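Biologist: I would like to understand how the labels on a model like this are earned. Could you take me through the reasoning?

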Amino acid sequence: MTFAAMRRSQRARDILEERRTALLADLRQDIHDAFAGVDTIQTHDAMDDLDASVVTELTSVHFDLMQMKGDALVRIDEALARINEGRYGLCESCGAEISEARLNALPFALRCTHCEERKEDAEETQRHEAKLMHRLRWEG
């Protein structure tokens, strides 16, 4: 590993560990607040069914955000493991180096921009085909 690659990996490790620490603190606070009932309105306190549905939706959004933070922690831990294994910054699809700009923006990136775009295009095609098949089944 070149000196520049080692510096880049160390800088990435520092950034990832800082983000990991912040996310863990946020998630711990979210979990504490959820169990303590902070910012929770009981449905029987709501004025009507609309208020109750808003409370339910806000609770759902709060738990979705907690899930996203948990997912980000997993991606960060995986990136830290790649650093330890000497694989950090290499595209999992083609093996090429992931650009420094991409890693600065998304330090846990798994693929170079080109491979990520191909993956997203394939996923979009798959979603489109699934919708089409679903529509054909209902119409046929």
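Biologist: Why is E123 called partly exposed?

Modeller: This is a predicted model, and in it E123 has 29% relative accessibility. Buried would need under 20% and exposed over 50%, so E123 falls in between and counts as partly exposed.

Biologist: What makes K119 and E123 a salt bridge?

Modeller: Their closest N and O atoms are 2.5 Å apart. The cut-off is 4 Å between a Lys or Arg side-chain nitrogen and a carboxyl oxygen of Asp or Glu, so the pair qualifies. Both residues lie in helix α4 (residues 113-139), four residues apart, about one turn of the helix. K119, with a relative accessible area of 31%, is partly exposed too.

Biologist: How do you know that E100 and R11 pair up?

Modeller: By that 4 Å limit again: N to O is 2.7 Å here, therefore the side chains form a salt bridge. This pair links distant parts of the chain, with E100 in helix α3 (residues 100-105) and R11 in helix α1 (residues 3-36), 89 residues apart.

Biologist: Why is R11 called buried, partly exposed or exposed?

Modeller: R11 has 32% relative accessibility, which lies between 20% and 50%, so R11 is partly exposed. E100, at 39%, counts as partly exposed as well.

Biologist: What makes R127 and E124 a salt bridge?

Modeller: Their closest N and O atoms are 2.9 Å apart, and that is within 4 Å, so the name fits. The two residues sit three apart in helix α4.

Biologist: How many salt bridges does the structure hold?

Modeller: Ten.

Conventions. Residues are numbered from 1 along each chain as its sequence is written. This is a predicted model: local features need pLDDT of at least 70, side-chain atom pairs count only at pLDDT 80 or more; totals for chains, interfaces and linings use all residues. Side-chain values use heavy atoms; hydrogens and water are left out. Buried means under 20% relative accessible area, exposed over 50%, partly exposed in between (1.4 Å probe, protein chains only).
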